Every structure is written in structure tokens, then in C-alpha cells.
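Please look through the sequence and the model below before reading on. The report then takes up the ligand site, a strand and its partner, the salt bridges and one loop residue.

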Amino acid sequence: LTRDMFVRNGIDLSPNAKTVLERRYLKKDIDGRIQETPAQMFHRVARHIAKAEKNYDENADIRKVTETFYNLMTDFRFLPNSPTLMNAGRRLGQLAACFVLPVEDSMEGIFSSLKNAAVIHKSGGGTGFSFSRLRPKNSMVGTTGGIASGPISFMKIFNTATEQVKQGGTRRGANMAILRVDHPDIMEFIHCKTANTELNNFNISVGITEAFMEAVQSDAEYDLIDPRDRRPVARLNARQVYADLVEQAWKNGDPGIVFLDRINRDNPTPELGEIESTNPCGEQPLLPMEACNLGSINLAKFVTGSADAARIDYESLKETVWTAVRFLDNTIDMSRYPLAEIDRMVKGNRKIGLGIMGFADLLFQLQIPYSSERALEVAEEVMGFIQAESHKASFELAKQRGTFPNREKSCFGGDSQKAYRNATTTTIAPTGTLSIISNCSSGIEPLFALSFVRTVMDNDKLMEVNPYFEAVARQQGFYSEALMEDIAGAGTIAHMDGIPEDIKNVFVTAHDISPEWHLRMQAAFQNHTDNAVSKTVNLARDATVEDVRKIYDLAWQLGCKGVTIYRDGSKENQVLSFSSAK
Ligand code: CDP
């Protein structure tokens, strides 16, 4: 370690974090031999992102900023999204996780979008598409006199291409496909994932309009509209369509729904266009050709005070929010975007998406049950704080660096109080891998299991117990290997003997929590998030279609921007299962 004098030995990495970094993140040579340590990786990232400071101040102390960023990451207070960790300071140099690409209604448009998606996947980014502009199946094709094959058949081509391009040689590209509920092919879309196994690289969501939801309420018909001339071509009964999409979601989790009108109500730059799609996991609505880099604060690291008087350390959290905003704003400058047009869009709006992970761990430390009014209050309070501080930080940055160039054309235009550097600052991502690297609970999700058996490479079985639960169990004297194994088998402690009631109340897991509570938590966070919130509403295997409908209704009533459900056992390859997680 020549340059990184301040690199402390011993970053506190869990065995899983180490494995994930070695498999996917650390620089490798052509023969696959690892070329850097985790410390060197974090230093590579910190140094590269710090370099942006020179764009604004030629006397900037890059070394000092590098050190600040390095400490931020290696204390696991904050991590940028995976492409930044993988690509910063390396040849690809593409740092954003989220992209939305337009799909125009022409062969040229469709295939240029396909090519752009491949390039993005190669760099570790995920792509969202709206297929709503494509003419419906069986429409006339003017130039050939033939008939169009429609959005779903083109989705299959995108799916196949994705299959062939593994992201950055590591993870497979994720895609989101959205079709407006008033597109003439909507029924085929709703059923497309059960009918086609060849759409496995897509999450799909129906783009719901307010007009449609009102038609559902009043049991009315609504118009299907040809996207080419906006003329109504048929009518469907809204309740029937809603019933079908709910039933499909009950069967296999797809389609989700996104509330397009609501998303566009929060579109900061309507003059630049309408938002038609989100990124693959739904948390980041974007304009066509826009990208966004995300980053997540690990809330588990911001608890102070003794165990029975634990509280959130807001001073420290504030400092982290400000540094993270600066980090993410720098990332925009340091990323190499795959297309000039994307570069222009991103630098025009400078959207960033700061979010959180470790929320369930925070609640464990505060001894607050996830499904409680108190937990909702904590969610609103902590996210309200992060959102407000991130806006202030963005405002201060704008004083030094200028506002985002499209600000005059944005909804903040005339308001000098809102002279921000970034058109948006907050997004709550799933943090699928970031949470493994940080050894914390993912995003705002409750824990999936308090203890589980992990099968490691050579088929050894390793018992993993949530550290907060283990600490309490040891302290209160009910810890035993046998009990932890029983818990791994049961997936919940709700019905276990020998565990005090107050512990049972606090240490709830995904399946102890009713779907309504999952959704209320999502809504609490959405209230304080500029973009959207990634959340899975878990349902038990025996949940009914009616249960799913209630969740979809409630998501609309509570002001969510979308909803994704997952009924236990409804997908063939469930990623985590209770006693034999991967
Ligand atoms: O934890 P990590 O930064 O790896 O990612 P995440 O928070 O789980 O996902 C954030 C976003 O990254 C997703 O919404 C996708 O846009 C993208 N992603 C992807 O394209 N492919 C994956 N396999 C995982 C994530």
C-alpha cells in the first residue's frame, strides 16, 4: 500500500462480505487473480470520487477528501451503489445503478434501445423501459404492409439479449418493463410472465393512472388508447383488469404496479418530459435517457447511549448525510456514461438517490417492534431528517458549484429557497449486496430470519444468528445452539418457549409482520423520499387473492408510488428459505 498511508489495517468485514467482495468487486487480472485488497478497493473508490473536487476548486485538498470518503465507507456508515464500488477508477468507469431508456415505435428505435441496454448491462447498470409507445400487436406496419408484433414480443428480444450479457462479467442485467394500463395490449402484458418463461430477466409493472383507479372505484369501463394517435380503440372493464392483475401478482409476484400520475406529480422537471418508467427495482423513476447513482446510509451505525437508553445520534447522522451528498454529487462528474445523450441528461438534472439500509437493525437496538406505531414514527422522523439535511446540503453545494443546469426549467425555478444542486436527493434502494458488504439488514426491510443455516461452498453448514438477537439472548441467558437451530427451522420466535415476551415483540421477522404493516412502513418512508421506495410486501403462502387486492388498494390510498408483493413459495427459486438459505 504505497499511496494509502491512512489506510487502517483491519476493516471490519464479515466472512460473507469478504466473499462477495472477492467474487464480484475486487479488481482481478486476466486470469481471474485478485489484484487488490478490500482496503485498496475502498481507497480506489474514495480517491476517484474525490478527484471531482478539482472541477470546482483547483486548490481542493484531494487527499483530505479521499480520507473522509474512505472513512465513510470503511466505517460502513455509507456505501455508494455497486457499480461505483466495482468501476470507480477503472477502465469501464460507469458508476450509476439506474437507467431508463426510451423505446420508440420504430425498428430503429427499438434496436438502438436494445444496443444501449446491452452497453449499460455490461457496466453493471440496470435498465427500465416503458414499452407503452409501441403500437399494439396486429397493427399495420406502413413501410412493409405487414403487421406489428407488439410490445410483449419485443420484450422477449430484450430478455434474450440480457441473458447473453452478464453485467460487467459478474451480475446479470436487471430490467424493468412498464406498460400503461390503457395500452391496447395490456391484458397480454398482465399475463406475459406466466405464459413465457423467456421473460425471466424482467420485472414487470403495470403503469396505473388515476383515471383507471377511479374507474375501478366506480366499476366503470375505461378507454384503451393507441399510443400513435392517442385515439381510443377499445374499452375494458376496469375492475376486471384490476382483478386479473391482482390474481397474477398473487400467483407469481408479477406484475407489480406503479402509479404513473403520482410519479409525475413529483417529477421535478415536467418541461423536459414525462416519466414513463422506473429502474428495475422500482425505487428510481427517471426520464427517458436519464441515469441516477444511489448510495445508502447504514442506520445501524447511528445508535448511541446505553442499551436501555439507546437513541439515534443525529449529529453524527447529519455529518454523514452531508458527506454522502457531496460524494454522490461528485460521482455524477466522475462517471463515464455509455451515451452522450445520457451524459447530457444526467448532468442537466444531477439527480442523486441517497437512502438507507440497516433500518431493522436500528429498531432492534432501539428495542422497537417493526410493526408498531412507534416504528412508523421513527421511520418518519429519521427519513424526514435525512431528506431535510440532504436538501440543505444540496443547497449549500449549489452555492459553491452552481444549481443543476435545468433548474430554471424545473418546479424549483422561481424559488430562491430551493436553489439546489440536485433535482432530487433521496431514494430508498433494496441494497441487496450493499447490505451484505455492510453486514446489516437490507434497505427498510424487516429481517427475513433471526437465524438461519447457510450452506457454504464445500457444503459445510454454518449457523448465522443476527448479532443483536444473539447479544440479547446471551445477556438474558437463553442462548443455546439448539435454540438457534430451532429458530432457523421455524423462521420466527413468536411461538417459542423460553424466550421472554418483550424479546418476542421486538425481534419480529418478515412473516410475523402483517402485509398492512409492511405497506404502512413503505408509505411512512415515501412521505419523506423525493424519488421512490423499494419494498417487498411479504405474504404468507396461504394468503388469498383478496389479501393481495387489499394491499394494492391500500398502496393507492396511502400515497405509495407503487407496490411489489411476494407470496411465500409463489416463485420456483425462492432466494431465501428458512432453514436452508443459500
Ligand atoms: O446493493 P446494490 O448496490 O448491489 O444494489 P440494490 O440496491 O439491490 O439495487 C439497486 C439497483 O441496482 C436496482 O434497482 C437496479 O437498478 C440495479 N441492479 C441491477 O441492475 N442488477 C442487479 N442484479 C442488482 C441491482
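## Ligand contacts

In this predicted model, a backbone N or O atom of C281 lies 3.3 Å from an oxygen atom of the ligand. Two side chains also place polar atoms beside ligand oxygen atoms: for E283 the distance is 2.8 Å, and for S82 the distance is 2.5 Å. Taken alone, the ligand would expose 520 Å², and the protein buries 90% of that area.

The ligand is surrounded by 20 residues, of which S82, N279, T431, G432 and T433 are the closest. Sorted by character, the residues of this shell comprise 8 that are nonpolar, 9 that are polar and 3 that are charged.

## Strand β16 and its partner

Strand β16, which covers residues 352–357, is largely enclosed by the rest of the structure, because 6 of its 6 residues are buried. The side pointing one way from β16 carries I352, L354 and I356, while G353, G355 and M357 point the other way, and all of these residues are buried.

Strand β13, made up of residues 290–298, runs parallel to β16 and is joined to it by 6 bridges. One of the pairings can be given by residue, since N298 has M357 in β16 as its bridge partner.

## Salt bridges across the chain

Side chains of opposite charge can pair when their charged atoms come close. In this model the count of salt bridges comes to 37. One of them joins R133 to E104, with the closest N and O atoms 2.9 Å apart. R133 lies in the loop between β3 (126–130) and α6 (150–164), and E104 in the loop between β2 (98–101) and α5 (107–122), so the pair ties together parts that are 29 residues apart in sequence. R133 counts as partly exposed because its relative accessibility is 26%, and E104 likewise counts as partly exposed, at 37% relative accessibility.

R350 and D329 form another salt bridge, in which the closest N and O atoms are 3.0 Å apart. This pair links distant parts of the chain, given that R350 sits in the loop between α13 (340–349) and β16 whereas D329 belongs to helix α12 (residues 314–334), 21 residues apart. Both R350 and D329 are buried.

## A pair within one helix, and a network

Where do K504 and E501 lie, and how many residues apart are they? Both residues belong to helix α19 (residues 501–506), and they are 3 residues apart, about one turn of the helix. Their side chains meet in a salt bridge with an N to O distance of 3.8 Å. The two partners fall into opposite classes of accessibility: K504 counts as buried because its relative accessibility is 14%, under the 20% cut-off, whereas E501 is exposed, with a relative accessible area of 53%.

Beyond such individual pairs, salt bridges that share partners join E53, R326, D329, D333, R350, R401 and R421 into one network. The buried residues R350 and D329 are thus found among the members of this network.

## P405 in its loop

P405 is found in the loop between α15 (373–401) and α16 (434–438). Is this proline buried or exposed? P405 counts as exposed, because its relative accessibility is 57%, which is over the 50% cut-off. Along the chain P405 and P268 are 137 residues apart, while their C-alpha atoms are separated by 13 Å.

Conventions: Residues are numbered from 1 along each chain as its sequence is written. This is a predicted model: local features need pLDDT of at least 70, side-chain atom pairs count only at pLDDT 80 or more; totals for chains, interfaces and linings use all residues. Side-chain values use heavy atoms; hydrogens and water are left out. A residue is near a molecule or strand if one of its heavy atoms lies within 4 Å of it. A polar contact is a pair of N or O atoms within 3.5 Å; within protein, one must be able to donate a hydrogen and the other to accept it, and residues adjacent in sequence count only if both atoms are side-chain atoms. Accessible areas come from the Shrake-Rupley method with a 1.4 Å probe; for residues, only the protein chains shown count as cover. Ala, Val, Leu, Ile, Met, Phe, Trp, Tyr, Cys and Pro count as nonpolar, Asp, Glu, Lys and Arg as charged, and the others, Gly among them, as polar. Buried means under 20% relative accessible area, exposed over 50%, partly exposed in between (1.4 Å probe, protein chains only). Helices (H or I, at least four residues) and strands (E, at least two) are DSSP runs, numbered from the N terminus. Two strands pair if DSSP finds at least two bridges between them. A salt bridge is a side-chain nitrogen of Lys or Arg within 4 Å of a carboxyl oxygen of Asp or Glu.
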